[in-house]
Amino acid sequence: MSDDQPDSDLARRDAVFDRIESWRQRAPVLRDDTITMAHGAGGKASQSLIEAIIRPALSNPELDRLADAAVLDVPAGHRLVVTTDAFVVTPRRFAGGSIGEVAVNGTINDLACLGARPAALTLALALEEGLAVDELRSVVADVATAATAAGVPVVTGDTKVVERGAADGCYLTTTGIGFVADGVSLSADSVRPGDAVIVTGTIGDHGIAVLMARGDLALAAEVSSDTAPLHDLAAGLLAAVPATRWLRDPTRGGVASTCNELAALCDLGVELDEVDLPVRPVVAGACELLGLDPLYVANEGKLVAVVPADAANEAVAVMSRHGAGTEARVIGRITEDHVGLVVVRTAFGGTRIVDMLVGDPLPRIC
Amino acid sequence: MKYVDEFRDPAAAKLLLAEIADLATDQPNRKFMEVCGGHTHAIYRHGIESLLPESIELVHGPGCPVCVIPMGRVDDALAVAGTDGVTMCCFGDMLRVPGGTSTLLEAKARGADVRVVYSPLDALALAEREPDRQVVFLAVGFETTAPSTAVTLLQARERQVGNFSVFCNHVTIVPPLKAILDSPGLDLDGFLGPGHVSTVIGTGPYRFVAEQYHRPLVTAGFEPVDILQAVAMLLRQLDEGRCEVENQYKRVVPDDGNERALAILREVFVVRPHFEWRGLGFIAQSALALGPEFAQWDAELRFDVPGVRVADPKACQCGEVLKGALRPWECKVFGTACTPETPIGTCMVSSEGACAAYYNYGRYSPRARIPVRAD
């Protein structure tokens, strides 16, 4: 710039600079319809994705700082509980739920099973190049809805994009951080012979809902996923029955696999009563046709609880008052017989072993 | 569930168990073979074995379609699946059946396009949707599933779907039954006859069992009450000195079979001169191949199929189990080298296989505890 320029020129130049600067200051606008590699490169496109989709949906003071990490206060008299889960379910939307909801609820439930109050979530998105931006928007909206409903904020996260064909649309990973009060210790070591085994409601709903949503079976069944956050239910149970021994959410592999893990962990046997297993008729029918056993079909909104036998009625009553536990009931007991094995009593007194699942009858259900 | 719950009714079962106990007291020990894998599965799933009097033993027969596929045929399927441009469609059970070197599941992991279908018609639809792929349906099963393969081939011909073919391993139930009855040292008092096979072939083809081999046979359904009633019917025949073919599964099995299904089987298939059965060896006229009119949809003619016979592993005693000569846990490798995770023999693969059913459901019973690795 030279001094001999007229003032009017200088004014115009300043106006242009001001305009550029104000454009620079503006929030980046997302104009793309599909995710490109640029959205994962960490530059302006990444920023536009975060500002246009992630932040508006998930906004909270900690997330809004947009740091790569979040700071949480640990309440006095508590210990930290942490869990992480990856979610790859296909299709991403099914009756009663979506990958976004399952990613929030599944992680919250893992915290709840240790008796922890969930305090915060992190969210990592692995996106496939070519994913529709609207699809991502709806996934994030589902995460937001579920997180708000559960009262647990998403405090930090990450987004990466991989080349087309290197992933199937969109995978989510959530990490959950929670706090458990000193003195609360749920462990299979505390399980004793005679303890009651309780499930908080009908089994197999989620797995069958996802299977139906795939639509590759000439079969239709009105069944919705049971995805739900269960930390309130678990907290209610622990408050009413402090002697509760053990909690687990029977997701992949269903109640059968959960009970097998229990039998192995506590070095005792688990005995279930087939007539007491709560299975919706539509789920039972679908399983019958497909040769599946509802005991092995996944749940996303149920807990298996072990409580002392004399507290079983109280536990069921407390669970039943909670929306996600209205159909809670005792399904079996812990026994010193058949250590390490899960045995089901059939309707007319026969018995059969329920073993760990071999292989995967329904892949990518969560 | 209507038409299911009635046949799982504990009250009805109790009545039948009382009748069985009553009939059994006056009879010597009885050994009945349930021919179908579906029966084996139901017997274990509902814990029926532990309810019967100790004098009655149920022996598992050869009627599990996956269990009788010899290793050489699996290797042939693997060769076809490994061919460029081929999409292999099969039922889920077949994925884990071991061939000489590998399984379809492992082939899929290595890059072969192997897909699970619930019906051969799904495979045909896939071929029409993806005309650039050579879609092969791996057909297995007795007369139960053969008609659905036949219908699929008729549709493929009608719509001239050129990129579809069938690798046919369909087998028939009467020849292996005969082979078992002919085997030396036969120690069976009667048969729970096939249920769903009989919906197609009727009960007539089993008459030789009663007439020539003097063993009663009762075709039975697959629910616990069905099986208990069939056991009671066998005991009653023996009690009254009768030896007949009876039909417990009347609600599904017409005595004359399904003439339409039989007609399309005759239209599409021809009987092979011989076919190898896992553990049972070669049995004459025991399997179906595509007839000459359907040669262009025959995967065995379209692709390079090695057709090499692979001997069963030495340690494997599937043959003895299939013939009912050995109980599953009496096999040398049961539950140790051969488990559902790492099956050596086919009986350990399908949920209808006697060994898998026993491993999964039957290891614990009040009557006998069979020591098995619990991992």
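This is a short talk on a predicted model with two chains, A and B.

I will start with chain A as a whole. Its secondary structure comes to ten helices and 13 strands. Taken along the principal axes, the C-alpha atoms of chain A fill a box of roughly 105 × 55 × 30 Å. The chain has 366 residues, and 47% of them are buried. Now look at the contacts in chain A with a separation of 6 or more: residues 24 or more positions apart account for 84% of them.

Next, please find strand β10 of chain A, residues 304–307. Which way do its residues point? Val304(A) and Val306(A) point one way, while Ala305(A) and Val307(A) point the other way. In a regular strand the side chains alternate between the two faces of the sheet. Here, all four of the residues I just named are buried.

β10(A) has pairing partners. One is strand β7 of chain A, residues 196–199, which pairs with β10(A) in the antiparallel sense over four bridges. Another is strand β8 of chain A, residues 246–248, which is joined to β10(A) by three bridges and also runs antiparallel to it. You can follow both pairings at one residue. Val304(A) is the bridge partner of Val199(A), and Val304(A) is also the bridge partner of Arg248(A).

Still in chain A, let us look at two helices. Helix α7, residues 231–240, packs against helix α10, residues 312–320, at an angle of about 145°, and their axes are 9 Å apart. The crossing is right-handed. Which residues meet there? From α7(A) they are Leu233(A), Gly236(A), Leu237(A) and Ala240(A), and from α10(A) they are Glu314(A), Ala315(A), Val318(A) and Met319(A). By type, this contact divides into six nonpolar residues, one polar and one charged.

Now chain B. It is divided into domain 1 (5–56 + 185–194 + 211–246), domain 2 (71–173 + 257–302) and domain 3 (318–360). Between the centres of domain 2 and domain 3 of chain B, taken over C-alpha atoms, there are 25 Å. Seven residues of domain 2 are in contact with eight residues of domain 3. On the domain 2 side of that contact, three residues are nonpolar, one is polar and three are charged.

Chain B also has an open sheet of four strands, in the order β4-β3-β5-β6, with parallel pairing. Why do two of these strands have a side without a neighbour in the sheet? β4 (113–116) and β6 (164–170) stand at the edges with a single partner strand each, so one side of each is left free of a neighbour. On average, neighbouring strands of this sheet are turned by 25° against each other, direction ignored.

Take one pair from that sheet. Strand β5 of chain B, residues 134–141, is joined to β6(B) by seven bridges. Phe137(B) stands opposite Val166(B) in β6(B). Helix α6 of chain B, residues 146–158, packs on the sheet and touches β5 and β6, and its direction makes about 160° with that of β6(B). Helix α3 of chain B, residues 71–81, lies across β3 (86–90), β4, β5 and β6, running at about 140° to β3(B).

Last, the place where the chains meet. How many residues take part? 25 residues of chain B are in contact with 20 residues of chain A. On the chain B side, the elements that give two or more residues are α1 (10–25), α2 (37–45) and α14 (354–362). That side divides into 13 nonpolar, six polar and six charged residues.

Notes:
Residues are numbered from 1 along each chain as its sequence is written. Chains are lettered from A and ligands numbered from 1 in the order in which they are written. This is a predicted model: local features need pLDDT of at least 70, side-chain atom pairs count only at pLDDT 80 or more; totals for chains, interfaces and linings use all residues. Ala, Val, Leu, Ile, Met, Phe, Trp, Tyr, Cys and Pro count as nonpolar, Asp, Glu, Lys and Arg as charged, and the others, Gly among them, as polar. Domain bounds come from an automatic or database domain assignment. A residue is buried if 20 or more other C-beta atoms lie within 10 Å of its own, exposed if 12 or fewer, and partly exposed in between; C-beta atoms are placed from the backbone. Two strands pair if DSSP finds at least two bridges between them. Axes are lines fitted to C-alpha atoms, for helices over the stretch in contact, and angles run from 0 to 180 degrees between N-to-C directions. A crossing is left-handed if the near helix is turned anticlockwise from the far one by less than a right angle, and right-handed if clockwise.
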